[in-house]
Amino acid sequence: MSHNTFGHLFRVTTWGESHGPALGCVIDGCPPGIPLSEADVQVWLEKRRPGLGKFVTQRQEPDAVRILSGVFADERHPDQVTTGTPISMVIDNVDQRSRDYSEIATAFRPGHADYSYFAKYGVRDYRGGGRQSARETAARVAAGAVARKILPGVQIRGAVVQIGPHAVSPERMDWSQTEANPFWCPDPEMVPVWEEHLETIRKAGSSTGAIVAVEALGAPPGWGAPVYGKLDAELAGALMSINAAKGVEIGAGFAAAALSGEENADEMRAGNDGPVFLSNSAGGILGGISTGQPVTARVAFKPTSSILTLRRSINEAGEEIELRTKGRHDPCVGIRAVPVVEAMVACVLADAFLRHRGQTGRD
C-alpha cells in the first residue's frame, strides 16, 4: 500500500530521496533477450540531468547509472541482454547540500508537499523535499529507457510548447527543432522570447509554469482495454503522477468542449493498410483503445514552489511564520520535465503492449 510501484505486467518501483546516498528503480516484467547496457539508459538520463544551463537547477549531478541485476553476458551472449528477472538500477547522489534546508526543518513551504507529507506520516525528510523531490524522476527516466527497448517500432517525442504566458502556435510546431535548443522548443522564434521571460523570472528569484506536449508514433491499433483499463486513463494517471503536474489533456483535451460534433469526430477513409484518419481530436485513443494514430497528450506544470520571495506559512508547532526557500531550484520545472514525460509514456505503452500480447497473442 506504499504506492511506489506502477504498471501491471511491466512494473516499475522507484526508491530513494533527493539528499539520500542514492536513488533508483526496480523493473519487473521486462521480457528476456533484449539487448540492454548502461549506455542505453545513460543517453536518456543525460537529457534530464541538472546543471546544464542557467535556466535549470545548478545542482551538479552526473546521474551515472549502474545496472545491478537482470542482465547477462557471456561467450554465447556477447551483447548484454535482459534475463527476464528484475532489473535493478541505481543512480548515486553526489552533490547534496542539505544545509540549504536546515532552516525549514520544522517549517512548511507554501506550494510544497511538506505539510501533506507531515500530516500523513508524522515525519518528513526536509532535505530537498526527500521523496517528494523531483529528483525521483531520474529513476523514472531510467525505467523509460528500458521500456523503449520493448517498443522498437514506437517513437516517443516531447516538446515544451508554453512557458508562462508565451505559447507556441500549433501551426509553427516543428518537432525536428526540439533538441536544437535548451528549452525543447519546437519553434526557434520562440526561444529568445522564453529566454527573456526566464531571465526576468530567474533574477527576481521567482518561477513560472509550462506545458509539455508529447506524442507517440507507431503504436498499432488495439493497445489498451475497455472501461477500467483505458489507455488514456493509464496515460493520464502516469503523467499526473509526475512532480508539479497539475493537468493532463489527451488529444483535443479541454478544447474539445468548444468543438461541434462534426469538428470533433475524426473522419475516416479506406487506406491500403487500414483506415486513414482525417484528423486526430481523439489523440489516437477511442474507447480506451489505440487506433493506430499518433497518441498525443499535453501536461501542464505549475511554477516551481521554491522561490526567494517571502511567503506566509506555519511551522510544525502551528505558529505563523514567513519564509523563503533557499537552495538550487529550476525557475521552470517544465524544461527538464520533457524526458520524464516521454519516459512515463514509454512505460505505459510498454505495459499496454505486453498486456495486449498476453491477452490476444498478437503484437
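Contact here means heavy atoms within 4.5 Å. The model is predicted.

**Exercise 1. Characterise the overall fold of the chain.**

Step 1. Start with the contacts. Take those in the chain with a separation of 6 or more: residues 24 or more positions apart account for 70% of them.

Step 2. Add the secondary structure. The chain holds 7 helices and 18 strands. Its radius of gyration is 21 Å, close to the 21 Å from the globule rule for 363 residues, so the chain is as compact as a globular protein of that length.

Step 3. Box the C-alpha atoms along the principal axes. They fill roughly 65 × 55 × 40 Å.

Step 4. Look at the surface. The accessible surface is about 17,300 Å², and carbon and sulfur atoms own 53% of it. Of the 363 residues, 48% are buried.

**Exercise 2. Describe how helix α1 meets helix α7.**

Step 1. Choose the descriptors. Two packed helices are described by the angle between their axes and the distance between the axes.

Step 2. Apply them. Helix α1 covers residues 38-48 and helix α7 covers residues 334-360. Their axes come within 7 Å and cross at roughly 145°.

Step 3. List the residues. Helix α1 contributes Trp44, Lys47 and Arg48, while α7 contributes Arg336, Pro339, Val340 and Glu342.

Step 4. Sort them by class. The contact of α1 with α7 has 3 nonpolar residues, 4 charged ones and no polar ones.

**Exercise 3. Place Arg124 and find the partners of its side chain.**

Step 1. Locate the residue. Arg124 sits in the loop between α2 (114-121) and α3 (137-150).

Step 2. Decide: buried or exposed? The cut-off for buried is under 20% relative accessible area. Arg124 has 12%, so it is buried.

Step 3. Collect the neighbours. Leaving out residues up to four places away in sequence, Arg124 touches Ile104, Ala105, Thr106, Ala107, Phe108, Asp114, Phe118 and Glu316.

Step 4. Pick out the polar contacts. The Arg124 side chain reaches the backbone oxygen of Ala107 at 2.6 Å. It also reaches the backbone oxygen of Ala105 at 3.3 Å.

**Exercise 4. Repeat the analysis for Ser313.**

Step 1. Ser313 belongs to strand β17, residues 311-314.

Step 2. Its relative accessible area is 15%, so Ser313 is buried.

Step 3. Beyond four places in sequence, Ser313 touches Phe108, Pro110, Glu319, Glu320, Ile321 and Leu323.

Step 4. Which backbone oxygen lies 2.4 Å from a polar atom of the Ser313 side chain? That of Phe108. Phe108 is also among the residues that Arg124 touches.

Notes. Residues numbered from 1 in each chain as written. Predicted model: local features only at pLDDT ≥ 70, side-chain atom pairs only at ≥ 80, totals over all residues. Heavy atoms only, no water. Axes fitted to C-alpha atoms, helices over the stretch in contact; angles between N-to-C directions. Helix = DSSP H or I, 4+ residues; strand = E, 2+ residues; numbered from the N terminus. Nonpolar A, V, L, I, M, F, W, Y, C, P; charged D, E, K, R; others polar. Rg over C-alpha atoms; globule rule 2.2 N^0.38 Å. Buried < 20%, exposed > 50% of the residue type's maximum accessible area, 1.4 Å probe, protein only. Areas by Shrake-Rupley, 256 points an atom, 1.4 Å probe, with all protein chains shown as cover. Polar contact = N/O pair within 3.5 Å; in protein donor to acceptor, adjacent residues only side chain to side chain.
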